[in-house]
Amino acid sequence: MDEKILVTKSSMPSYEEYIEAIKPLWDTHWLTNMGVYHSELEEKLKNYLDVPELSLMVNGHMALEMTIQAFGFPEGSEIITTPFTFISTTHAIVRNRLKPVFCDVKDADGTIDETGIEELITEKTAALLPVHVYGNVCNVEEIERIADKYNLRVIYDAAHAFGVSYKGKGIGRYGDASVFSFHATKVYNTIEGGAVTFEDHRIYEKLYNLKNFGIRGEEIVSEVGANAKMNEFCAIMGLLNLKRTDYAIRERKKRYDCYVQCLKDVEGIRILRQEGAATDNYAYFPILVGEGYGISRDGLYDVLKENGIFARKYFYPLTSDQACFKNKYKKVNLKTARKLADEVMVLPLYEDLEMESVHKICEIIRSNEKNKDY
């Protein structure tokens with residue numbers, strides 16, 4: 001119990017299984033450029049995620065950046081999004097020379113507050129980019145209604161929502177496109193990787209060009225592109241991890257449920273959890289440390305760290321308030337998002353986290369319930 005307990009731990013197959021799986025690469029020497037394992041993984045992910053079309057990428061950020069680019073929004077167009085997300089979401093907009101317009105979020109689950117979207121729409125608005133936060137699903141019906149009313153595209157950042165379904169449909173089937181991350185810290189990983197899901201096959205062709213230099217033949221480059229292909233080593237890791245994803249989610253659920261049971265009656269601690277028609281992938285265990293608790297969020301973070309437990313203030317600060325934007329958005333009314341950012345903390349959660357460690361974390365949280373530092 002003296003070892004460090006990190007906020008997450010990468011899911012991996014056995015060493016022997018991976019080594020055996022990559023052996024054929026030494027025969028073919030085909031390591032990248034949409035090899036057989038890349039193609040196999042695309043097909044198996046389409047089936048697992050219940051989506052009609054899918055394009056693999058080198059990582060989740062490039063998947064999002066290139067998806068935005070694929071829709072061809074005029075430079076300077078506005079995209080309404082949320083600041084309560086990983087910085088990649090905002091960077092993908094800015095790097096496409098578009099303007100992020102930040103909408104506040106809901107206190108209940110951290111997803112975009114759909115009631116505030118319409119007032120932010122202008123003649124320059126081209127798209128909505130909501131985020132399924134911690135696997136909590138956005139109000140996809142209302143977002144679709146708004147998008148249809150104003151003729152806007154909808155691109156979902158689904159980095160946290162791998163394997164989630166809503167009303168019997170894979171979450172990647174909502175909107176014009178959804179973007180997933182397969183980073184090593186996610187429920188499902190390919191070491192590094194990502195994917196875009198959609199219905200219109202023309203998007204696949206556009207993304208293929210963008211991620212492969214626009215090359216369509218030995219002597220043909222049809223348009224300007226970049227390099228965002230997934231290699232075969234990552235694809236093989238993805239194929240092996242996909243076999244054990246359901247197991248990983250079941251194991252995460254056991255630890256998630258243990259946290260819930262241990263912390264449900266702690267004054268000032270609230271679990272940022274969504275109830276509804278969506279399934280849960282148990283990707284994260286976010287709590288809010290409110291004024292009713294014994295110490296502040298930062299105080300509890302430090303106490304846990306002193307005990308070798310490395311939680312994460314995820315997301316703090318808001319993307320809109322990061323140093324790179326030089327206070328540009330400080331006056332934007334994001335009251336709820338800033339409150340969540342000041343109170344949120346993600347506790348360690350992964351498939352082989354010892355139950356003893358979960359109880360230890362909960363005991364520390366409970367023991368500080370009445371240690372006021374306000």
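Biologist: Which residue in β6 stands opposite L128?

Modeller: V154 in β6 faces L128. This is a predicted model, in which local features need pLDDT of at least 70 and side-chain atom pairs count only at pLDDT 80 or more, while totals for chains, interfaces and linings use all residues. Residues are numbered from 1 along each chain as its sequence is written, and side-chain values use heavy atoms, with hydrogens and water left out.

Biologist: What makes β5 and β6 a pair?

Modeller: Two strands pair if DSSP finds at least two bridges between them. Strand β5 (residues 125-129) and strand β6 (residues 153-157) are joined by 2 bridges, so they meet that rule. They run parallel. The strands themselves are DSSP runs of E, at least two residues long; helices are runs of H or I, at least four, and both are numbered from the N terminus.

Biologist: Why are β2 and β4 called edge strands?

Modeller: The sheet is open, with 7 strands in the order β2-β10-β9-β6-β5-β3-β4 and mixed pairing. β2 (53-57) and β4 (99-102) each have a single partner strand, so one side of each lacks a neighbour in the sheet. From one strand to the next, the twist averages 25 degrees.

Biologist: How do you know which strands α4 lies across?

Modeller: Contact means heavy atoms within 4.5 Å. α4 lies across β2, β3 (78-81), β5, β6, β9 and β10 (194-198). α4 runs at about 160 degrees to β9. Angles are taken between N-to-C directions, from 0 to 180 degrees, with axes fitted to C-alpha atoms, for helices over the stretch in contact. Helix α7 (residues 201-211) lies across β2 and β10, at about 10 degrees to β2.

Biologist: Is the crossing of α4 and α5 left-handed or right-handed?

Modeller: Right-handed. That word applies if the near helix is turned clockwise from the far one by less than a right angle; an anticlockwise turn is left-handed. Helix α4 (residues 60-70) and helix α5 (residues 87-94) pack at about 35 degrees, with axes 9 Å apart. H61, L64, E65 and I68 of α4 make the contact with S88, T89, H91, A92 and I93 of α5. By class these are 4 nonpolar, 4 polar and 1 charged. Asp, Glu, Lys and Arg count as charged; Ala, Val, Leu, Ile, Met, Phe, Trp, Tyr, Cys and Pro as nonpolar; the others, Gly among them, as polar.

Biologist: Why do β13 and β16 stand at the edges of their sheet?

Modeller: That open sheet has 3 strands, ordered β13-β14-β16, with antiparallel pairing. β13 (269-271) and β16 (344-347) each have a single partner strand, so each has one side without a neighbour in the sheet. Neighbouring strands are turned by 35 degrees against each other on average, direction ignored. β13 and strand β14 (residues 285-289) share 3 bridges and run antiparallel. I271 has I287 in β14 as its bridge partner. Helix α9 (residues 245-263) packs on the sheet and touches β13, β14 and β16, its direction making about 20 degrees with that of β14. Helix α11 (residues 335-343) also lies across β13, β14 and β16, at about 45 degrees to β16.

Biologist: What makes a space a cavity, and what makes one a pocket?

Modeller: The grid has 1 Å spacing, over the protein atoms alone. In a cavity a 1.4 Å probe fits but cannot get out; a pocket is an open set with protein on both sides within 12 Å along at least five of seven lines. Lining residues have an atom within 4 Å of a point. By this rule there is 1 cavity of 30 Å³ or more. The largest cavity has a volume of about 50 Å³. Y134, N136, Y256, L272, R273, D280, Y284 and P286 line it, giving 5 nonpolar, 1 polar and 2 charged residues.

Biologist: How many residues line the largest pocket?

Modeller: There are 39, with F86, S181, T185, K186 and Y314 nearest the pocket's centre. α4, α5, β9 (177-181) and β16 give two or more residues to this lining. The lining divides into 20 nonpolar, 14 polar and 5 charged. The largest pocket holds about 620 Å³ of space.

Biologist: Is the peptide bond from Y316 to P317 cis or trans?

Modeller: Cis, with omega near -10 degrees. P317 lies in the loop between β15 (309-310) and α11.

Key. Points joined across faces, edges and corners; volume = space filled by probe spheres on them.
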